[in-house]
Amino acid sequence: LLGCGGAPGGESTSTADQASTAPAAAPANEKSAAPDAHYRPAYHFTPPAGWMNDPNGMVYFEGEYHLFYQHFPDGNTWGPMHWGHAVSSDLVTWEHLPIALAPDEKGYIFSGSAVVDRGNTSGFGQGGRPPLVAMFTYHDMAAEKAGKQDFQSQAIAYSNDRGRTWTKYAGNPVIPNQGVRDFRDPKVFWDAAHRQWTMVLAAQDRVQFFSSPDLKNWTYRSDFGASAPNHAGVWECPELFPLKISESGETAWVLLVSINPGGANGGSGTFYFVGDWDGSTFRPRKEAIPTPQDTVQWVDYGRDNYAGVTFSDVPATDGRRIFMGWMSNWDYANEVPTTTWRSAMTLPRELTLHDTDFGTRLHQQPARELLKLRGQRIPLEMPRIGDGTTTIDLSQLPAAGVFELDLTIDLVDSDAEELYLTLSDATGEQFYRVGYSRRSGVDNAFFTDRRQAGQTDFRPSFAPGLTVAPRWSNEGNLRIHAFFDRTSAEVFFDGGDPVLTDIFFPTEPFTQLTLESYGSAGEGMQEGWSLVEGSIWALE
Ligand code: FRU
């Protein structure tokens with residue numbers, strides 16, 4: 001595919017040819033008769049066919065959320081990268097559009113971002129309307145194979161028809177490579193306070209900041225990260241954005257960074273810094289970096305949330321930051337047991353910042369739009385979760401294995417030590433477990449277990465043990481809010497910190513939910529834990 005789609009050195013426009021590689025406007029979650037249709041998620045975005053990795057270019061424009069993504073439409077493993085494209089008016093239902101950007105003689109189209117150029121600073125706009133401008137990385141495969149170091153550079157493309165067709169800029173690349181092997185994933189935003197476009201870019205073991213008046217001419221400003229913690233792998237897909245701290249109302253800057261390998265529980269993962277941005281330099285707030293419980297602030301402790309970034313230009317009613325990540329892990333992404341398509345995105349999540357005893361931390365909540373997907377409510381009515389089991393039969397749900405769960409548990413007056421919430425097939429042979437433990441050794445931690453959740457042998461590192469996340473608080477009620485889909489779980493503990501996202505591949509759908517707790521009741525203590533509130537909602 002390298003070499004198609006562009007006139008050498010000239011401007012190249014998306015063609016009908018490229019458009020035909022993706023089915024137009026098929027409902028994103030449509031089930032097909034494919035052999036792996038039972039693995040296709042219901043809540044989550046998946047590509048119509050072929051390979052998908054990182055979300056790209058997430059931008060809101062004229063009533064539409066645009067989601068682009070790293071895509072190889074002609075194969076189910078990573079290959080020549082395109083930008084796939086879908087739009088949504090509500091973040092919940094997605095319409096597939098033709099491929100936005102296809103590889104050309106300059107290389108594959110790697111990850112990047114898109115902005116609304118409201119002031120037409122780029123001059124790409126027509127008829128007084130702002131253009132959409134995408135920034136991406138060219139990955140020159142031939143140069144890489146020839147052993148060169150400078151095979152990644154930054155480039156732009158624009159659209160004047162609401163993202164339906166894109167024209168690559170004739171002057172690409174706008175930032176040539178300076179001899180850094182891993183030099184990619186430009187994320188751009190309008191830096192209103194400093195009246196400039198700011199770009200953050202991954203450069204191997206650090207991020208680099210650039211600024212521009214017009215999206216075409218970029219000036220290097222500074223580096224961050226080479227001496228910060230967390231360098232077991234290469235840094236990728238950074239993003240910098242401002243967010244108000246809920247408690248003080250003060251604005252801080254969040255720097256997201258993805259790392260591969262070196263994630264919280266192995267393989268690839270995403271972490272963050274909280275700091276200040278002065279228009280040219282990022283400075284982390286010291287107290288926000290290592291906490292007593294953890295040296296790195298992880299966005300997600302699960303194995304399957306990578307390369308996530310947030311939407312730009314969301315209507316500023318409440319300055320909402322909406323995050324989506326790629327729900328897989330480079331450890332095994334190419335081997336997961338689906339064949340007609342590969343991988344899904346996380347749900348859209350709203351990010352907030354909070355001052356806590358463990359520094360200033362990101363909290364995540366499923367985007368409020370997901371309330372629309374709540375169908376029939378099944379209340380959980382047992383007063384206590386005790387020794388022995390309480391099993392809830394979910395075989396009557398309209399979509400087997402697909403539901404939202406929210407439960408709050410009072411830990412006071414009980415010396416129970418472990419809580420299990422187990423999702424299993426009808427026989428109980430395959431199961432996925434979400435748990436909380438205050439046993440010594442695993443002191444005050446959440447965990448998930450997918451070791452017996454179906455197919456795992458496609459890669460030994462897929463399910464070697466428990467996936468663990470610290471519980472930040474010792475007090476108060478414990479809350480587990482989760483979305484279970486056919487092949488994934490996103491678990492928001494204690495109001496959104498920590499969060500744990502996992503994929504799994506059961507042979508039969510999970511239709512039973514078992515709640516149980518272990519640990520003997522001491523004197524004056526009650527057995528089990530009391531359930532303050534518990535609900536399950538079927539998918540509407
Ligand atoms: C992250 C990543 C990016 C790169 C893209 C290529 O998953 O490696 O750094 O741009 O995937 O598909």
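**Reading the ligand site and the empty spaces**

User: What makes the pair between the ligand and the side chain of Trp330 a polar contact?

Analyst: In this predicted model, an oxygen atom of the ligand is 2.8 Å from an N or O atom in the Trp330 side chain. The cut-off for a polar contact is 3.5 Å between N or O atoms, so this pair qualifies. The side chain of Arg184 has an N or O atom 2.7 Å from a ligand oxygen, and for the side chain of Asp185 the value is 2.6 Å. Both values also fall within 3.5 Å, so these pairs are polar contacts too.

User: How much of the ligand does the protein bury?

Analyst: The protein buries 95% of the 320 Å² that the ligand exposes when taken alone.

User: Which residues surround the ligand, and how do you know that they belong there?

Analyst: The shell holds 13 residues, the closest being Asp54, Gln70, Arg184, Asp185 and Trp330. A residue is counted if one of its heavy atoms lies within 4 Å of the ligand, so each of the 13 meets that limit. By class, six are nonpolar, three polar and four charged. Strands S2 (50-61), S6 (108-116), S10 (183-191) and S14 (234-244) each provide at least two shell residues.

User: Where does the ligand sit, and what makes that the right word?

Analyst: The ligand sits in the second largest pocket. To "sit" there, more than half of the ligand's atoms must lie within 2 Å of the pocket's grid points, so we can conclude that this condition is met. The pocket encloses about 340 Å³ of space. Its lining has 22 residues, and those closest to the centre are Trp78, Phe110, Gln152, Arg184 and Glu236.

User: Which elements supply the lining of the second largest pocket, and which gives the most?

Analyst: At least two residues each come from S2, S6, helix H2 (141-145), S10, S14 and strand S18 (306-310). S14 gives the most, with three residues. The whole lining divides into nine nonpolar, six polar and seven charged residues.

User: Why is a space called a cavity and not a pocket, and how many cavities does the structure hold?

Analyst: A cavity is a space where a 1.4 Å probe fits but cannot get out, whereas a pocket is an open set of points. There are eight cavities of 30 Å³ or more. The largest cavity has about 120 Å³ of space, which puts it over the 30 Å³ cut-off. Its lining has 13 residues, and Ser343, Ala344, Thr487, Ile503 and Phe505 are the closest to its centre. That lining has eight nonpolar and five polar residues, with no charged ones.

User: How do you know that the peptide bond joining Asn172 and Pro173 is cis?

Analyst: Good one to check in the model: omega is about 0 degrees for this cis bond. Pro173 lies in the loop between strand S9 (167-168) and S10. A cis peptide bond also joins Asp497 and Pro498, with omega about 5 degrees. Pro498 is in the loop between strands S32 (488-493) and S33 (499-503).

User: What is the phi of Asn230, and where is Asn230 found?

Analyst: Phi is near 85 degrees, a positive value in a residue that is not glycine. Asn230 is placed in the loop between strand S13 (219-224) and S14.

How values were computed: Residues numbered from 1 in each chain as written. Predicted model: local features only at pLDDT ≥ 70, side-chain atom pairs only at ≥ 80, totals over all residues. Heavy atoms only, no water. Polar contact = N/O pair within 3.5 Å; in protein donor to acceptor, adjacent residues only side chain to side chain. Areas by Shrake-Rupley, 256 points an atom, 1.4 Å probe, with all protein chains shown as cover. 1 Å grid on protein atoms, 1.4 Å probe; cavity = no way out; pocket = protein on both sides within 12 Å on 5 of 7 lines; lining within 4 Å. Helix = DSSP H or I, 4+ residues; strand = E, 2+ residues; numbered from the N terminus. Nonpolar A, V, L, I, M, F, W, Y, C, P; charged D, E, K, R; others polar. Points joined across faces, edges and corners; volume = space filled by probe spheres on them.
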